[in-house]
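Student: Please take one part of this model and go through it closely. Then place it in the rest of the chain.

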Amino acid sequence: MGTVVAMRGWWQDLTDLVLPAECGGCGRPRAVLCPECRAVLSGGAARRVRPVPEPPGLPVVHAAARYADEVRATLLAHKERGALALAGPLGVALAGAVRAGLHRTRAGGEWARSNRVGAPVLLVPVPSGRRAVRARGHDPARRIALAAAGELRRNGIAARVLGVLRQRRAVADQADLDFRQRLENLAGALAVAPGGTRLLSEGPVVLVDDVMTTGASIAEAARAVRAAGRFRTLSGARPCTRERHGKAERNRTSDQGERGRPGGPAGR
Ligand SMILES: [Zn+2]
C-alpha cells in the first residue's frame, strides 16, 4: 500500500520533469516561472495596503505585489489549474510580505526584541471552503503559507503554519453584494478549530492569504482569532493585493463574484 502511494508520487515527479512546463506568469516555455515574472512577483518591496473602505478590525496588511498581469496569471495558475510548483515562488513573495509585517509594525518589533526563546511566527492561512478545496484538489493559501514558512526558516526566522481556522458555515456568492453586505455575509463565518487556541498561544500570529480584495475575509479571520483568546494578531500578509479603482475594479468584481463557488477563479 505504502509502495503504491510512493509510486504515484514518483510518477507525478517524472511527469513534471518530462513535460516542459510553461511560465505561470507569461506562458514562456520551459520555466515554472521565468526570471522576469519572478521579479514582478517578489522583486519589489512588500508594501502596506489599506482597502478603501477599510473593514472594521482589519489588522495591518502587507502585500508583495499588485494583483495584475503576470502576478494575476501566476496566482490563478496555482490556484485554479493546479500548477503546484508555483507555490514556491508565491511562498517567497509571501515571506517578503511577512518579513515586512515583522519589521514595520510595533507588535513585530516587540516580538523581535522578546524572541530570545525562539518562539516561531505562526502563519495562519485564511481557509478555503471545503467545496472549493474538493473542486481544486488543494487549498492554495495553505500551500503558499507552507512554502513561505520554509523560506522564512531558510532565512533564520522560526516559522510554522497553523491551519486552525475553519469555515463555520458556507458563505453566499459575493458577486452582487456591496461592501456592507459582504461584511455581513462573512460575519461570524470563521472559527478556530478545537485545540487550535492552545497552538495560537505559541507565537505571534500572522494571517496569510493569496489575494486581498475588500479585506473582508482577513478582517473576519482576525476576528475569529481574537475571539478564541487574547492573541495579538500581528498582521495580515499576502503575496498580492488588488487595486480598488479603475480597470482593476472590473477584475476584482468578476473574480470576487466566484468566491464560495467551487472552481471559480478566486473562490474560497
Ligand atoms: Zn514569465
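Tutor: Start at a turn: just after helix α3, Gly82 takes a positive phi of about 65 degrees. Helices here are DSSP runs of H or I with at least four residues, strands are runs of E with at least two, and both are numbered from the N terminus. This is a predicted model, where local features need pLDDT of at least 70, side-chain atom pairs count only at pLDDT 80 or more, and totals for chains, interfaces and linings use all residues. Residues are numbered from 1 along each chain as its sequence is written.

Now α3 itself. It covers residues 69-80. At 1.5 Å a residue, its twelve residues should span 16 Å, and the end C-alpha atoms are 16 Å apart, so the two agree. The expected span is 1.5 Å times one less than the number of residues. Nine of the twelve residues of α3 are buried, so the helix is mostly covered. Buried means 20 or more other C-beta atoms within 10 Å of a residue's own; exposed means 12 or fewer; partly exposed lies in between, with C-beta atoms placed from the backbone. The buried set in α3 mixes residue kinds: Glu70, Val71, Arg72, Thr74, Leu75, Leu76, Ala77, His78 and Lys79.

Next, α7, residues 140-154. Its 15 residues should span 21 Å at 1.5 Å a residue, and its end C-alpha atoms are 21 Å apart, which agrees. Eleven of those 15 residues are buried. They are Pro140, Ala141, Arg142, Arg143, Ile144, Ala145, Ala147, Ala148, Ala149, Glu151 and Leu152. After α7 comes Gly156, with a positive phi near 80 degrees.

Ala148 also appears in the largest nonpolar core, which has 65 residues. A core is a set of buried Ala, Val, Leu, Ile, Met, Phe, Trp, Tyr and Cys residues joined through C-beta atoms within 7 Å. Leu94, Val98, Leu123, Val124 and Ala148 have the most contacts inside it. Helix α4 (residues 87-104) gives the largest share of this core, ten residues. In soluble globular proteins, nonpolar side chains tend to be buried together.

How do α4 and α7 pack? Their angle is about 65 degrees and their axes are 7 Å apart. Axes are lines fitted to C-alpha atoms over the stretch in contact, with angles from 0 to 180 degrees between N-to-C directions. That makes α4 roughly perpendicular to α7; under 35 degrees is roughly parallel, over 145 roughly antiparallel, 65 to 115 roughly perpendicular, and the rest oblique. The crossing is right-handed: the near helix is turned clockwise from the far one by less than a right angle, where anticlockwise would be left-handed. On α4, the contact residues include Leu94, Ala95 and Val98; on α7, they include Ile144, Ala147 and Ala148. Contact means C-beta atoms, placed from the backbone, within 7 Å.

Elsewhere, Ala222 sits in α10 (residues 216-228). It is buried because 26 other C-beta atoms lie within 10 Å. Ala222 and Val124 are 98 residues apart in sequence and 9.9 Å apart in space, C-alpha to C-alpha. By contrast, Ala31 counts as partly exposed, with 18 C-beta neighbours inside 10 Å. It lies in the loop between α1 and α2.

Last, the whole protein: eleven helices and nine strands. Buried residues make up 46% of its 268 residues.

Conventions. Contact = placed C-beta atoms within 7 Å.
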